[in-house]
Amino acid sequence: MLDKSRTPLALDTKRLDAAKKSLEEGAVLPDDSPYREDIIRLLNDSLATELVCILRYKRHHFTATGLESPAIAEEFLVHAQEEQAHADRIATRIVQLGGEPDFNPDSLTGRSHADYNDDMDLHAMIRANLVAERVAIEAYTQMIDLIGDKDHTTRRLIEQILEQEQEHADELSDWMKKAR
């Protein structure tokens, strides 16, 4: 029995017609969303965070010393490479939204949610990276809530990055226990 009080699910044909126009705009359709600039700003801050994390992980990779250092240093390098992939995906999304990715080194640490760290103690390195991952997890979790259904593609991107950041935190937490 069909419920007459519900609105049937149907595609918006006007939006489908709009998709056939303005091909010079590229793959992403023009969006009059009042949230576009906010989302681009959030993404640029996340881009800064990822770039600072890459630099921190690279520093730690090259300077880690101690009994457990070869394995941990290798883990730092893997994390740096994964953070680079996150940064690339975020920068691509910013461009898709009609924004400009902000790679300005003068403002990176000011815009980053996570801190840079140049400790030389292996345990302090692991701890600093774990703290940064936890901060990234919190920032991405909040972004997912803020974006909600305002931009499905960006939300999915952030959810995928969040999943990998949670894996990083788990791995670093395990290293913290081993490095005691």
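Here is a chat between a biologist and a modeller about a predicted model.

Biologist: Let's start in the middle. Which residues have the most contacts inside the largest nonpolar core?

Modeller: In soluble globular proteins, nonpolar side chains tend to be buried together. Here the largest nonpolar core has 39 residues. The elements giving two or more residues to this core are α2 (36-63), α3 (69-96), α5 (122-147) and α6 (152-178). The residues with the most contacts inside the core are Leu43, Phe76, Ile126 and Tyr140.

Biologist: Let's pick one of those. Leaving out residues up to four places away in sequence, what does isoleucine 126 touch?

Modeller: Isoleucine 126 is one of the core residues with the most contacts. Skipping residues up to four places away in sequence, its partners are Ile72, Phe76, Leu172, Trp175, Met176 and Ala179.

Biologist: On to a polar residue. Is asparagine 117 buried or exposed, and what is its relative accessible area?

Modeller: Asparagine 117 is found in the loop between α4 (108-111) and α5. The cut-off for buried is under 20% relative accessible area. Asparagine 117 falls under that cut-off, so it counts as buried, with a value of 14%.

Biologist: Which side chain does the side chain of asparagine 117 join in a polar contact, and at what distance?

Modeller: Leaving out residues up to four places away in sequence, asparagine 117 touches Arg56, Arg59, His60 and Ala128. A polar atom of its side chain also lies 2.9 Å from the backbone nitrogen of aspartate 119. The side-chain partner in the polar contact is histidine 60, at 2.9 Å.

Biologist: Now for charges. How many residues apart in sequence are the parts that arginine 93 and aspartate 151 tie together?

Modeller: Side chains of opposite charge can pair when their charged atoms come close. The structure holds four salt bridges, and one of them joins arginine 93 and aspartate 151 at 3.0 Å, N to O. Arginine 93 lies in helix α3 and aspartate 151 in the loop between α5 and α6, so the parts they tie together are apart in sequence by 58 residues.

Biologist: Arginine 111 pairs with aspartate 102 in a salt bridge. What is the relative accessible area of aspartate 102?

Modeller: The closest N and O atoms of this pair are 3.4 Å apart. Arginine 111 counts as buried, at 16% relative accessibility. Aspartate 102 is partly exposed, and its relative accessible area is 26%.

Biologist: Glutamate 159 and arginine 155 form a salt bridge too. About how many helical turns separate them?

Modeller: Their closest N and O atoms are 3.4 Å apart, and glutamate 159 counts as partly exposed at 35% relative accessibility. Both residues sit in helix α6, four residues apart, so the separation is about one helical turn.

Biologist: Let's follow a helix from end to end. What does α3 reach from its first C-alpha to its last?

Modeller: α3 has 28 residues. At 1.5 Å a residue, the expected value is 40 Å. The model comes out close to that, with α3 reaching 40 Å.

Biologist: Last one, about serine 69 in helix α3. How far apart in space are serine 69 and leucine 122, C-alpha to C-alpha?

Modeller: Serine 69 counts as buried, at 8% relative accessibility. Not counting residues up to four places away in sequence, it touches Ala64 and Leu122. Serine 69 and leucine 122 are 53 residues apart in sequence, yet their C-alpha to C-alpha distance in space is 7.3 Å.

Notes. Residues numbered from 1 in each chain as written. Predicted model: local features only at pLDDT ≥ 70, side-chain atom pairs only at ≥ 80, totals over all residues. Heavy atoms only, no water. Core = buried A, V, L, I, M, F, W, Y, C linked by side-chain atoms within 4.5 Å. Buried < 20%, exposed > 50% of the residue type's maximum accessible area, 1.4 Å probe, protein only. Contact = heavy atoms within 4.5 Å. Polar contact = N/O pair within 3.5 Å; in protein donor to acceptor, adjacent residues only side chain to side chain. Salt bridge = Lys/Arg side-chain N within 4 Å of Asp/Glu carboxyl O. Expected span 1.5 Å × (residues − 1).
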